[in-house]
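Grab a pencil and work through these exercises one at a time. Try each task yourself before you read the solution under it.

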Amino acid sequence: MIIVLKQDAAEEQVIALKDTMSDRRLSIQDIRGESTRIFGLVGDTSGISEDSVMRHECVERVMKVSEPYKLAGRRFHPLDSSYEIAGRTVGGGAFTVMAGPCSVETEEQVLSIARDVKHSGADFMRGGAFKPRSSPYSFQGLGLDGLELLKTAREKTGLPIVTEIMSPEYVEIFRDDVDIIQIGARNMQNFSLLTEVGKLGKPVLLKRGPSCTLDEMLMAADYILMSGDSPVILCERGIRTFETATRNTLDLSAIPVLKKKSHLPVIVDPSHGTGYWDLVYPMALAAVAAGADGLMIEVHNRPDKALCDGQQSITPFLFDKLMRKVNRLRATLAENDA
Ligand code: PEP
Ligand code: MN
């Protein structure tokens with residue numbers, strides 16, 4: 001809801017209005033222009049009628065904002081967000097690549113992949129220490145030991161790390177040790193986790209839930225944004241449809257739609273989005289062409305031996321080829337825009 005205040009509104013009346021909104025557990029974005037003052041209400045305004053707000057003498061006009069998300073939306077934040085994270089720019093025209101294995105397995109594996117992806121131009125190293133596996137019998141990740149291996153890889157290569165948190169129990173450790181905290185697809189609507197991670201004020205990569213709409217994803221982003229001022233990056237990683245030829249259906253239209261609705265950077269994960277290594281290359285290029293702000297790619301030095309998601313992991317050799325092609329495609333697109 002947006003409230004436009006009268007130009008000559010008395011401050012006591014404005015305070016009374018603010019108190020009413022606070023009583024309803026709404027937070028207020030107080031936007032002051034040269035001749036206009038506007039309140040943007042954040043929270044559930046569904047129980048507030050326009051009439052009840054108009055009763056306040058200081059109010060000139062009230063508008064219900066139809067989007068169910070606020071902080072992630074463009075309405076109050078028309079310009080693209082861009083962040084400086086560990087010396088890299090994310091969003092706002094930059095292109096960010098996060099690459100690495102699905103799971104951290106051994107020091108030798110993580111280091112070898114980190115060196116390779118860095119050499120090819122990756123900005124961040126990804127790798128799961130805590131793994132959300134559908135089957136309780138599958139490899140569950142190395143947990144805190146895996147995090148230590150990621151830290152070693154960061155120390156030795158200088159690549160900052162992105163890794164998934166699964167439980168609020170570890171928020172302090174992630175705050176201290178991780179550059180970008182990943183919220184996985186399965187936890188996209190784990191609201192208490194979103195809130196706890198949001199309080200840290202650290203960069204968050206929010207992956208789309210496999211059966212979530214884009215509006216639901218943006219509402220999940222609002223949970224993080226309203227808890228602190230964490231930089232949030234959205235990640236399309238495929239949704240579950242009736243199609244069985246791919247693991248998920250990569251929704252490339254999510255890129256322009258999210259970018260129209262939201263100021264947050266949008267990256268694409270064609271590895272989980274397709275489930276097959278040979279589809280990663282074409283779909284990564286398609287994501288670039290559709291305007292993504294970056295990519296998350298699973299890379300493994302021995303995909304045939306990977307403990308998790310080997311079938312969708314590309315080799316460092318193919319990753320290198322992909323990075324060259326991505327750079328050429330971006331250059332061509334920029335030329336044609338000029
Ligand atoms: C991952 O990135 O390793 C992962 C498990 O992804 P998602 O949450 O998208 O399935
Ligand atoms: Mn994976």
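**Exercise 1. A histidine in a loop**

Which backbone oxygen lies 2.7 Å from a polar atom of the side chain of His 263? Then describe where His 263 sits and what surrounds it.

*Solution.* Keep in mind that you're looking at a predicted model.

- Step 1: Find the partner. The oxygen belongs to the backbone of Leu 71.
- Step 2: Place the residue. His 263 is in the loop that runs between helix 8 (254-261) and strand 13 (266-268).
- Step 3: Check the accessibility. The relative value for His 263 is 5%, and buried means under 20%, so His 263 counts as buried.
- Step 4: List the company. Apart from neighbours within four places in sequence, His 263 is in contact with Leu 71, Ala 72, Gly 73, Arg 74, His 77, Leu 79, Asp 80 and Ser 81.

**Exercise 2. Two domains**

Where do the domains begin and end, and how many Å separate their centres?

*Solution.*

- Step 1: Read off the bounds. Domain 1 covers 2-63, and domain 2 covers 82-337.
- Step 2: Take the centres over C-alpha atoms. They are 39 Å apart.

**Exercise 3. The metal site**

Which residues are the protein donors of the manganese ion (ligand 2)? Work out how they are spaced in sequence.

*Solution.*

- Step 1: Name the donors. They are Cys 102 through SG, His 272 through NE2, Glu 298 through OE and Asp 309 through OD, at 2.0 to 2.4 Å from the ion.
- Step 2: Write the spacing. It goes C-x169-H-x25-E-x10-D.
- Step 3: Look at one pair of donors. His 272 belongs to helix 9 (residues 270-274) and Glu 298 to strand 14 (residues 294-298), so this pair ties together parts 26 residues apart in sequence.
- Step 4: Buried or exposed? Both His 272 and Glu 298 are buried.

**Exercise 4. Nonpolar cores**

How many residues does the largest nonpolar core have, and which of them have the most contacts inside it?

*Solution.*

- Step 1: Count the core. It has 82 residues, and Leu 206, Leu 234 and Phe 319 have the most contacts within it.
- Step 2: Find the top contributor. That's helix 7 (residues 214-227), which gives seven residues.
- Step 3: Zoom in on Leu 206. Not counting residues up to four places away in sequence, Leu 206 touches several residues, including Ile 183, Met 217, Ile 224 and Leu 234.
- Step 4: Don't miss the second core. It is separate, has 14 residues, and includes Ile 3, Phe 39, Val 53 and Cys 58.

**Exercise 5. Ring pairs**

How many aromatic pairs does a search of the whole structure find? Describe two of them.

*Solution.*

- Step 1: The search gives three pairs.
- Step 2: Start with Phe 130 and Tyr 170. Their centres are 4.8 Å apart with 35° between the planes, and the pair is tilted.
- Step 3: Place these rings. Phe 130 is in the loop between strand 8 (124-126) and helix 4 (144-157), while Tyr 170 is in the loop between strand 9 (161-164) and helix 5 (171-177), 40 residues apart. Both are buried.
- Step 4: Now take Phe 191 and Tyr 223. Here the centres are 4.4 Å apart and the planes meet at 25°, so this pair is stacked.
- Step 5: Place those rings too. Phe 191 is in helix 6 (residues 191-198) and Tyr 223 in helix 7, so the pair joins parts 32 residues apart in sequence. Phe 191 is partly exposed at 34%, and Tyr 223 is partly exposed at 33%.
- Step 6: Look for a cluster. Phe 130, Tyr 170 and Phe 174 form one.

**Exercise 6. Far in sequence, how far in space?**

What distance separates the C-alpha atoms of Tyr 276 and Gln 312? Do the same for Leu 295 and Leu 111.

*Solution.*

- Step 1: Tyr 276 and Gln 312 are 36 residues apart along the chain, and their C-alpha atoms are separated by 4.2 Å. Gln 312 is also one of the contacts of Tyr 276.
- Step 2: Tyr 276 is in the loop between helix 9 and helix 10 (277-289), and is partly exposed at 36% relative accessible area.
- Step 3: Leu 295 and Leu 111 are 184 residues apart along the chain, with 21 Å between their C-alpha atoms.
- Step 4: Leu 295 is in strand 14 and is buried, with 0% relative accessible area.

How values were computed
Residues numbered from 1 in each chain as written. Chains lettered and ligands numbered in written order. Predicted model: local features only at pLDDT ≥ 70, side-chain atom pairs only at ≥ 80, totals over all residues. Heavy atoms only, no water. Domains from an automatic or database assignment. Helix = DSSP H or I, 4+ residues; strand = E, 2+ residues; numbered from the N terminus. Buried < 20%, exposed > 50% of the residue type's maximum accessible area, 1.4 Å probe, protein only. Polar contact = N/O pair within 3.5 Å; in protein donor to acceptor, adjacent residues only side chain to side chain. Contact = heavy atoms within 4.5 Å. Donors = N, O, S within 2.8 Å, 3.2 Å for Na, K, Ca; no water. Core = buried A, V, L, I, M, F, W, Y, C linked by side-chain atoms within 4.5 Å. Phe/Tyr/Trp six-rings, centres within 6.5 Å; stacked < 30°, edge-to-face > 60°.
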